[in-house]
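Please look through the chain slowly, keeping the sequence beside the picture as you read. The paragraphs below go from the helices to the strands and then to the ligand.

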Amino acid sequence: MFSIIKRVLILAGKFAGKIKLAMGISFFEALFNNVPFFMIFYIVSEILQDSLDRADLRFAMIMIITALLVQVILKRIIYSLQSGSGFEIFARERIAIGDRLKRYPMGYFSEGNLGYISAVITSDINFVEMYVMNIVDRVVIAYVNAVIAVLFLLYIDYRLALISAVVYLLANLSLNKLFAVGKLQGQTRQNTQSEVVTAVLEYVRGMSVIKSFNLTGPKAKATKKAFEKFRDISIAMEKAFVPLIFRFESWFAFGIALTVLVASLAVKSGSMLLPELLIVLIFIFRIYIPFQALSGQSAEIRLMEACLDRYQKLKDIEIIDQAGQDKQLKNYQIEFEDVSFAYEEHDVLHDLTFQIPEHSMTALVGSSGSGKSTIANLIARFWDVEQGQVKVGGINVKELTCDSLLQNISMVFQNVYLFNDTILNNIRFGNPQATEAEVIAAAKKARCHHFIQQLEAGYQTVVEEGGSSLSGGEKQRISIARAILKDAPIILLDEATASVDPENEKYIQQAINELVKDKTLIVIAHRLSTIKNADQILVLEAGRLIQQGKHSELIKEAGKYQDFWQKRMNSKSWQISHV
Ligand SMILES: Nc1ncnc2c1ncn2[C@@H]1O[C@H](COP(=O)(O)OP(=O)(O)OP(=O)(O)O)[C@@H](O)[C@H]1O
């Protein structure tokens, strides 16, 4: 039970002091909350002793009103300390986890994890943020009231105090059991919720494929199945709790019955006064309420524990550049030394050794799946190699932080992702400090200024998430404008294979020419002109480097490159002859 408070305090960091202060004030608030009952006890005692006078009534009234006023003030202070801290803590946590995610290996972002990541950052954290302070408050109040109740009963009769202490002890054990079971069930429920998010994300993102292949039925079925599983687990979870909650509640019923019995016998035997019995009767029906209410909160507490566990699990993923340092690169030469690499069990690259001199253009050529994109991913350290070294500027990329490496690299890939923001901000993503004039200058170089101006709100036009409101060619030019603005010395470029209209292709080519001036350029090349102009060509086959050189040299060697070139020339003349 207290573990939740402990975890919140650890999570709170510098706000822990405020939360502890709020808990301390809650203690006094709970004390003042009991003042009216002590006053009733006082008045009834006075009546039965026939000594009640105006002064007693005035005293009781003043005490009750003062206690209420103090309670209101304390509640306000507690609320402002807690709610302020709660929102601050989770705003900070969201920013922190966003920063950490950037430094996780790309393999972590596999499809299966996307639903998990989304569910943790949205629903799990939201849930904790909404309820955590309220729950901390309830737990503190419940336990403070328990102590007050035992002390008060001790004042009246030690036997009643003993009964109440035993009831609290047994109820606490039941509650712990409830939480232990709840934590497990809560984890299953939240994991199933991640599966639901994954299914929904897949369904929505694949909508165009689903529609075009008329697959609405099977995919909708998978999503429905995920929803049904979530429903079943939620129901099963509630069912598992019914007997546990019943046991928890029974201790209080048992405690009340025993207290009434013992108190009545005590009055009969003369060891307790009648006013004391009366007050015990009034009191006994309310002392257990705050503690009993914890079973009502148990659903939230157990889910919260599960949410915090899942969040911790997300935070505990080892970041890729843990041992990296912020270093300034002195040059931009890239080297692969005996590099072998596998995605999990799947071997992809084998003993690759090559150099890419700075300010040169290297074309990666090879059939689909030969490992071209993987080479680009390793240069950007999206994954780490298990064998060999990837060096940039003479430094092993493992010695660099992702930030200090990636500030030197721009990537222009085929699958351009645009954020649901203005075009201006989408381009500015390349350099957040850039002025509007600099953004426009970059857009002009990337040959997108003209079409942006034609849009209704120009640079302020909001792009739909993913950029679906723009054509493929337009998105690609915007991504080139981003890269121009970033002005990184190393460019990783994946030339488009998808056919764009000749006009768009011309503009994209012009934009790329602006981007790559004086840069170290690694291009996954598809256009024959790019390949021909490259300073060096690396020919890959099944993850091995089988040829290396300039076009003029390779074209003379019998081998893969010559075949490839011949085939591409034939298909080009074939295309031209059929236009
Ligand atoms: N994230 C990944 N997880 C597991 N396997 C992967 C991953 N990315 C690529 N692969 C596999 O690694 C191999 C090399 O892929 P890569 O994308 O590097 O090839 P490529 O030469 O760029 O292909 P293409 O020209 O089709 O883009 C392929 O067999 C591919 O299936």
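In which helix is Gly296 found? In this predicted model, Gly296 belongs to helix H10, which covers residues 289–315. Gly296 counts as exposed because 11 other C-beta atoms lie within 10 Å of its own, and a residue with 12 or fewer such neighbours is placed in that class. Along the chain Gly296 and Ile245 are 51 residues apart, while their C-alpha atoms are separated by 8.8 Å.

The UniProt record, an unreviewed entry, places the feature "transmembrane region" at residues 21–45, 57–74, 139–156, 162–180, 244–267 and 273–294. Two of these spans can be followed in the model: residues 57–74 are 100% helix, with end C-alpha atoms that lie 25 Å apart, and residues 162–180 are likewise 100% helix, with end C-alpha atoms 27 Å apart.

We now turn to the strands. Strands of a sheet pair through backbone hydrogen bonds, and this pairing is either parallel or antiparallel. One open sheet here has 4 strands in the order S2-S1-S4-S5, with antiparallel pairing. Its edge strands are S2 and S5 (395–396), each of which pairs on one side only. Strand S4, residues 387–392, is joined to S5 by 2 bridges, and Val392 stands opposite Ile395 of S5. Helix H11 lies across S1 (334–343), S2 and S4, and runs at about 115° to S1.

Elsewhere in the chain, strand S3 (residues 361–366) pairs with strand S9 (residues 536–541) in the parallel sense over 5 bridges, and in this pair Ala363 stands opposite Ile537. Strand S9 is also joined by 5 bridges to strand S10 (residues 544–549), but these two run antiparallel, with Leu538 having Gln548 of S10 as its bridge partner. The hairpin of S9 and S10 has 2 residues between the strands, and there Ala542 takes a positive phi near 45°.

Which elements each supply at least two residues of the shell around the ligand? They are strand S2 (346–356) and helix H11 (372–379), and H11 gives the most, with 3 residues. The residues that surround the ligand include Tyr343, His346 and Val348, together with Gly366 and a run of neighbours that takes in Ser368, Gly369, Ser370, Gly371, Lys372, Ser373 and Thr374. Sorted by class, this shell has 8 polar, 2 nonpolar and 1 charged residues.

How values were computed: Residues are numbered from 1 along each chain as its sequence is written. This is a predicted model: local features need pLDDT of at least 70, side-chain atom pairs count only at pLDDT 80 or more; totals for chains, interfaces and linings use all residues. A residue is near a molecule or strand if its C-beta atom, placed from the backbone, lies within 6 Å of it. Ala, Val, Leu, Ile, Met, Phe, Trp, Tyr, Cys and Pro count as nonpolar, Asp, Glu, Lys and Arg as charged, and the others, Gly among them, as polar. UniProt positions are given in the numbering used here, feature names are shortened, and annotations may be inferred rather than shown by experiment. Two strands pair if DSSP finds at least two bridges between them. Two residues are in contact if their C-beta atoms, placed from the backbone, lie within 7 Å. Axes are lines fitted to C-alpha atoms, for helices over the stretch in contact, and angles run from 0 to 180 degrees between N-to-C directions. A residue is buried if 20 or more other C-beta atoms lie within 10 Å of its own, exposed if 12 or fewer, and partly exposed in between; C-beta atoms are placed from the backbone.
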